[in-house]
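User: I would like to go through this model and ask, for each term, what justifies using it.

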Amino acid sequence: MCGIVGYIGPKQAQNILLEGLSKLEYRGYDSAGLAVYNGETIGVSKSKGRLSVLEDKLKVQGLPGSLGIGHTRWATHGKPSDANSHPHVDGAGRFAVVHNGIIENYIELKEELIAKGHVFTSETDTEVIAKLLAELWDGDLVSTVKKVVSRLEGAYALGIISEYEPDKMVAVRQASPLVVGLGKEENFIASDIPAILKHTRDVHILEDGEMAVLTAEGVTLMKTDGTPVSREPMHVQWDVETAEKGGYDHFMMKEIHEQPKAIRDTLSGRVKEGLVDLTREVGLSEEEIRGIEKIHFVACGTAYHAGLVGKYVMEDLARIPVETDIASEYRYRNPIITDKTLVVVISQSGETADTLAALREAKKHGARVVAITNVVGSSVAREADDVIITWAGPEIAVASTKAYTSQLIAIYLLGLYFAKIRGTRPVEELKEIVKHLTELPGKAEEVLQTEQIVAEFARSIANHEHLFFLGRGLDYAVALEGSLKLKEISYIHSEAYAAGELKHGTLALIEENIPVIALATQQYIYDKMVSNIQEVKARGANVLGLAAEGDTELIKSVDRVIHIPKTIDLLMPVLTVIPLQLLAYYACTERGYDVDKPRNLAKSVTVE
Ligand code: F6R
């Protein structure tokens, strides 16, 4: 995830910025850069790779000066490279900007600015901000920033300096975190508190639509429309480790809570006039999309479980037959692939050896490959024909959470896009689904409120060695993911079953007091699911049911119910999985295991 640091004061900025960026390294990044005003001009140094590469460069040619901004980049628009690294400047180098987030309307802005003679040197969305600052310059930095911001759509945290007004730094926040640190005759900005904790514990946490104007002597807060904002600073008590985790005890919990944002960001810029538009990421022509005869979703682990949801989604929306395969099986099983087969590989890291090998196998057989991945410039992203990036930001905990829900969003987008082009659903119906899709971030916030009930249930299962997850249809796909999550971090053995399959053997394992987690969110199959729940309840199981909000029936058949905000059946997995992630988390902490680094597992499996 990108990181921002900024400094204004009497000291040399370079080392303060480098040190601040080093405190953000844990978030993951692919390049870094600084811009420092040296008394006459703004000097910029940036490079792809680790911070140490930038440090080596600065040892040869440093950046003197006491006003500066720094950035670590996690690529979104454009591959990791020196040119795409931040800070970005305007043509004359009078303004420098660092940015976290996504500018959704950057293509329109870029075209407009090119027509006015601006020359772009990177593939980023951020560069339009630097060029806009020059284009809209009216002799006053704060007023110009306001004009620029009024043209931007999307999410952004910005740090801006200009050689026209070198006694100032301007910071803006819209849907991307930014804090202002208050020092003695020096002030700071940062995307995360750890970057400035060494210098100050007094901070203003900017809210959406706010900006801060920093000088060495003080900080003024206002809304981007100019309305003054007055707020007492907050005194941070956290130590560095807690600050890195955003105040949570573990990265996994932080990442579970980041899901509303990850969903919102993954949707961002991909919905136009109420319908999905993926023409930027999927290069297939309309004729090619109409000609697809089969889709193979191929992935490992949690990403494979996203592919299982993909089967339902794609078949339902775009009416294309789908097979979902485990990558380590697919690569060796001589699958039937033709030039009318679309292979969709899903990988958070983009580096999983089996997924990459399956991708190569598919290409060798003439398939077109679309990658859904979280890492721009990863091997999977480079080798696929088309790439849909999930904008979840780096996932640090080994157990995948926000990457999974973002992968689901990417799959819905692809399904809705194909359905639009293939004409398999009326436009009005597609618009209705898109409307529900865009409501998911808010509903994900609501599901997070179930945390206490889930924690209580987790305590009741923590001493068990076996349990079952049951579901039908999409609930079964989510049950598989819930079961994997629980196994990998709490080490409780669990199995997920398609509920209708139980009586064909597994029902024999149900005995007095065994915990069962029963997902009953799919309305079309609800009655059948309730019958299956009664089968396990009759044999003494302790059942936690998951049902849609407003359900008053399920409680009659289970011991406890968690209600999930209502959306259409197709989209339920995004919400239903969240209590299951929380369950795994609390079962793990209850049993005293390491949440973020479970035994025997690695975050990225780059060997077979
Ligand atoms: C489980 C988990 C793994 C990964 C799998 C694939 O929580 O994280 O099952 O999903 O190793 O990894 P990626 O998505 O990086 O290819």
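User: Which residue in E23 does Leu470 stand opposite?

Analyst: Leu470 stands opposite Tyr497 in E23. Before going further, please note that this is a predicted model, in which local features need pLDDT of at least 70 and side-chain atom pairs count only at pLDDT 80 or more, while totals for chains, interfaces and linings use all residues. Residues are numbered from 1 along each chain as its sequence is written, and side-chain values use heavy atoms, with hydrogens and water left out.

User: What makes E22 and E23 a pair of strands?

Analyst: Strands here are DSSP runs of E with at least two residues, and helices are runs of H or I with at least four, both numbered from the N terminus. Two strands pair if DSSP finds at least two bridges between them; E22 (residues 466-471) and E23 (residues 493-498) are joined by six bridges and run parallel, so they satisfy the definition.

User: Why is the unit made by E22, H18 and E23 called right-handed?

Analyst: The term applies if, with the strands pointing away from the viewer, the path from the first strand over the helix to the second runs clockwise. E22, helix H18 (residues 474-490) and E23 make a β-α-β unit of this right-handed kind, and E19, helix H12 (residues 353-364) and E20 make another right-handed β-α-β unit.

User: How do you know that E19 is mostly covered?

Analyst: A residue is buried under 20% relative accessible area, exposed over 50% and partly exposed in between, with a 1.4 Å probe and protein chains only. In E19 (residues 341-347), seven of its seven residues are buried. Thr341, Val343, Val345 and Ser347 point one way and Leu342, Val344 and Ile346 the other way, yet all are buried.

User: Which strands does E19 pair with, E17 and E20 included?

Analyst: E17 (residues 294-299) pairs with E19 in the parallel sense over six bridges, with Thr341 as the bridge partner of Lys294. E19 is also joined by six bridges to E20 (residues 368-373), again running parallel, and there Thr373 is the bridge partner of Ser347.

User: Why is H1 described as largely enclosed?

Analyst: Seven of the ten residues of helix H1 (residues 13-22) are buried, so the rest of the structure largely encloses this helix. The buried residues are Ala13, Gln14, Ile16, Leu17, Leu18, Gly20 and Leu21. They pack against strand E1 (3-8), strand E2 (31-37), helix H2 (51-60), strand E4 (67-73) and strand E10 (187-190), where contact means heavy atoms within 4.5 Å.

User: Why does His436 count as buried, and what is it in contact with?

Analyst: The relative accessibility of His436 is 16%, and therefore this residue counts as buried. His436 has its place in helix H15 (residues 427-438) and, leaving aside neighbours within four places in sequence, is in contact with Thr567, Ile568 and Leu571.

User: What makes the approach of Lys485 to the ligand a polar contact?

Analyst: A polar contact is a pair of N or O atoms within 3.5 Å; within protein, one must be able to donate a hydrogen and the other to accept it, and residues adjacent in sequence count only if both atoms are side-chain atoms. A polar side-chain atom of Lys485 lies 2.8 Å from an oxygen atom of the ligand, so the pair falls within that limit. A backbone N or O atom of Thr302 lies 3.1 Å from a ligand oxygen atom, and a polar backbone atom of Val398 is 3.3 Å from an oxygen atom of the ligand.
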